[in-house]
Amino acid sequence: ARSLGGMGAAREPWATAGEAPPVITKVRRRVSRNQDRHSKLQAQHKATLPGLAPFLADAGLPGLAEHAQAWCDRVGAEDAIDVAFIVDEFADGLQLGLLERSR
């Protein structure tokens, strides 16, 4: 039995032929479709965090929406109320300066 560790493209039988076997091509297409589907789902989720845009607008920080959404995704915040409860961590996570924090 061969170990999978350390097998590079040069050791693959199809590497010199220039074309992967049909099963490899099929798997690669499936992985690509799944990655596309995952990206679309992430984009939908990013656009739907309730209350985040108004929360940032009220704080005078509407330009941080994308960065704020990424932080919320990382920590599992589900809406602006979650963010309000941990506003200090939110400010740290976005690396807000003193002026931005005072808003």
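**Helices, a valine patch and a pocket**

Val23 sits in helix H1, which covers residues 22-46. The structure described here is a predicted model, and helix H1 belongs to a protein chain with six helices and zero strands. Followed along the sequence, the chain reads α-α-α-α-α-α. Of the 103 residues in the protein chain, 17% are buried.

Val23 is a handy place to begin a look at the surface. With a relative accessibility of 53%, Val23 counts as exposed, because the cut-off for that class is over 50%. Together with Val27 and Val31, Val23 makes a nonpolar surface patch of about 230 Å².

Attention can now turn to the pockets. The largest pocket has a volume of about 150 Å³. Its lining consists of Phe55, Leu56, Ala59, Leu61, Val87, Asp88, Phe90, Ala91, Leu96, Glu100, Arg101 and Arg103. Three elements each give two or more residues to this lining, namely helix H2 (52-58), helix H5 (87-93) and helix H6 (98-102). Helix H5 gives the most, with four residues.

In chemical terms, the lining of the largest pocket divides into eight nonpolar and four charged residues, with no polar ones. Among the residues of the lining are Phe55, Leu56 and Phe90, while Asp88, Glu100, Arg101 and Arg103 also take part in the lining.

Definitions and conventions: Residues numbered from 1 in each chain as written. Predicted model: local features only at pLDDT ≥ 70, side-chain atom pairs only at ≥ 80, totals over all residues. Heavy atoms only, no water. Patch = residues over 30% accessible without salt bridge, like charges linked within 9 Å, V, L, I, M, F, W, Y side chains within 5 Å. Areas by Shrake-Rupley, 256 points an atom, 1.4 Å probe, with all protein chains shown as cover. Salt bridge = Lys/Arg side-chain N within 4 Å of Asp/Glu carboxyl O. Buried < 20%, exposed > 50% of the residue type's maximum accessible area, 1.4 Å probe, protein only. 1 Å grid on protein atoms, 1.4 Å probe; cavity = no way out; pocket = protein on both sides within 12 Å on 5 of 7 lines; lining within 4 Å. Points joined across faces, edges and corners; volume = space filled by probe spheres on them. Nonpolar A, V, L, I, M, F, W, Y, C, P; charged D, E, K, R; others polar.
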